[in-house]
Amino acid sequence: MDVQSKKEAAAAKPVRSHRKRNICIGVTLTIVGIVLLIVILALTVFKARRPVMNINSVSLEDLDVSLDMARMRVNLNVTLDVSLSIRNPNKVGFKYKNSSAFINYRGDVVGDVPIPAGRISADKTSGMNLTVTLLADRLLGNSQLFPDVMGGSLPLSTKAKISGKVNILGIKIKVTSTSTCAVTVFISNRTISDQSCKYKTQL
């Protein structure tokens, strides 16, 4: 190889090296840009939001009361219709597993009904109606039932809870939503009043 060829070969090496370095920098910047875009989307548009479950109304479907004055006991059957809605504010669907709704009387669970597993599409609200029956045998040991019935009102509360997951960019995030309603059943005119509802959600 003559002197001129050696000079040309030596000059070509820095050019090739410089080109390779530029390609590496370009690929690195592209990857960083994609990662930043994913992070921004995950923190804004696709940020996981808590589903909101509301108990819209509680109505009295059936009420049967009979008193055993000799033994100071009450035979009681109560059936409530619970209308609730679940709103999914996420940009992806929300899947929830089998859950339940309950009736509580002074801290004791006295009735329950299953909520079947389901899915709510992105930015959609799903409604459902549940019929919950109070189980009389669960009240037998509660000493406050007789005076409550004699006083003409029965304080009850309903609670519904769902748990599920949202899949955000391949990451599954668990979410839980709970809604409760305190109601008073007036025995004399068979009505419900004094409804006070609230909800709670958590990731």
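# A guided tour from the β4-β5 loop to the disulfide

Begin by selecting Arg106, which sits in the loop between β4 and β5, the latter spanning 108-115. Please bear in mind throughout that the model is predicted.

**Stop 1: Arg106 and its backbone.** Display the backbone at Arg106: the residue has a positive phi of about 50°, although it is not a glycine. Most residues other than glycine have a negative phi. Arg106 has a relative accessible area of 42%, so it is classed as partly exposed.

**Stop 2: Asn104.** Step back along the chain to Asn104, in strand β4, which covers residues 99-105. Is Asn104 buried or exposed? Its relative accessibility is 14%, under the 20% limit, and therefore Asn104 counts as buried. Now show what surrounds Asn104: beyond residues up to four places away in sequence, it touches Val109, Val110, Pro155, Leu156, Ser157 and Lys159. Keep Leu156 in mind, as this residue returns at the core.

**Stop 3: Ile115.** Select Ile115 in strand β5. With a relative accessible area of 1%, Ile115 is buried. Which residues does Ile115 touch, not counting residues up to four places away in sequence? The list comprises Tyr96, Lys97, Asn98, Ser99, Ser100, Ala101, Met128, Leu130, Ala160 and Ile162. One of these, Ser100, deserves a distance label: its C-alpha atom is separated from that of Ile115 by 5.0 Å, while the two residues are 15 residues apart along the chain.

**Stop 4: the nonpolar core.** Next, colour the largest nonpolar core, a set of 42 residues. Which of its residues touch the most other members? They are Leu84 and Leu156. Strand β2 supplies the largest share of this core, namely seven residues. Centre the view on Leu84 and show its contacts, leaving aside neighbours within four places in sequence: Met53, Asn54, Ile55, Asn56, Ser126, Gly127, Met128, Leu130 and Ala160. Met128, Leu130 and Ala160 are among the contacts listed for Ile115, and they appear again in the list for Leu84.

**Stop 5: Ser83.** Move to Ser83, whose place is in strand β2, residues 73-88. Ser83 has 19% relative accessibility, and it therefore counts as buried, the limit being under 20%. With neighbours within four places in sequence set aside, Ser83 is in contact with Asn54, Ile55, Asn56, Ser57, Met128 and Asn129. Compare the two selections: Asn54, Ile55, Asn56 and Met128 belong to the contacts of Ser83 and also to those of Leu84.

**Stop 6: a patch on the surface.** Switch to a surface view and select Val65, Leu67, Met69 and Met150, which together make a nonpolar surface patch of about 350 Å². Leu67 is found in strand β1, residues 52-68. This residue is partly exposed, with a relative accessible area of 41%. For the chain as a whole, the exposed area is about 12400 Å², of which carbon and sulfur atoms supply 55%.

**Stop 7: the disulfide.** Select the cysteines next. How many disulfides are there? The count is one. It joins Cys181 to Cys197, with an S to S distance of 1.6 Å. The angle about the S-S bond is 100°, and the link of Cys181 and Cys197 is right-handed. Because Cys181 lies in strand β9 and Cys197 in strand β10, the pair ties together parts that are 16 residues apart in sequence. The two partners fall into separate accessibility classes: Cys181 counts as buried at 1% relative accessibility, whereas Cys197 is partly exposed, with a relative accessible area of 39%. Select Cys24 as well; at 51% relative accessibility, it counts as exposed.

**Stop 8: Arg190.** Follow the chain into the loop between β9 (171-186) and β10 (191-202), where Arg190 is placed. Arg190 has a positive phi of about 55° and is not a glycine. It is partly exposed, with a relative accessible area of 48%.

**Final view: the whole chain.** Clear the selections and display the chain as a cartoon. It has two helices and 10 strands. Traced along the sequence, these follow the pattern α-β-β-β-β-β-β-β-α-β-β-β. Of the 203 residues in the chain, buried residues make up 32%. Among contacts with a separation of 6 or more, 65% are accounted for by residues 24 or more positions apart.

Conventions. Residues numbered from 1 in each chain as written. Predicted model: local features only at pLDDT ≥ 70, side-chain atom pairs only at ≥ 80, totals over all residues. Heavy atoms only, no water. Helix = DSSP H or I, 4+ residues; strand = E, 2+ residues; numbered from the N terminus. Buried < 20%, exposed > 50% of the residue type's maximum accessible area, 1.4 Å probe, protein only. Contact = heavy atoms within 4.5 Å. Disulfide = S-S within 2.5 Å. Patch = residues over 30% accessible without salt bridge, like charges linked within 9 Å, V, L, I, M, F, W, Y side chains within 5 Å. Areas by Shrake-Rupley, 256 points an atom, 1.4 Å probe, with all protein chains shown as cover. Salt bridge = Lys/Arg side-chain N within 4 Å of Asp/Glu carboxyl O. Core = buried A, V, L, I, M, F, W, Y, C linked by side-chain atoms within 4.5 Å.
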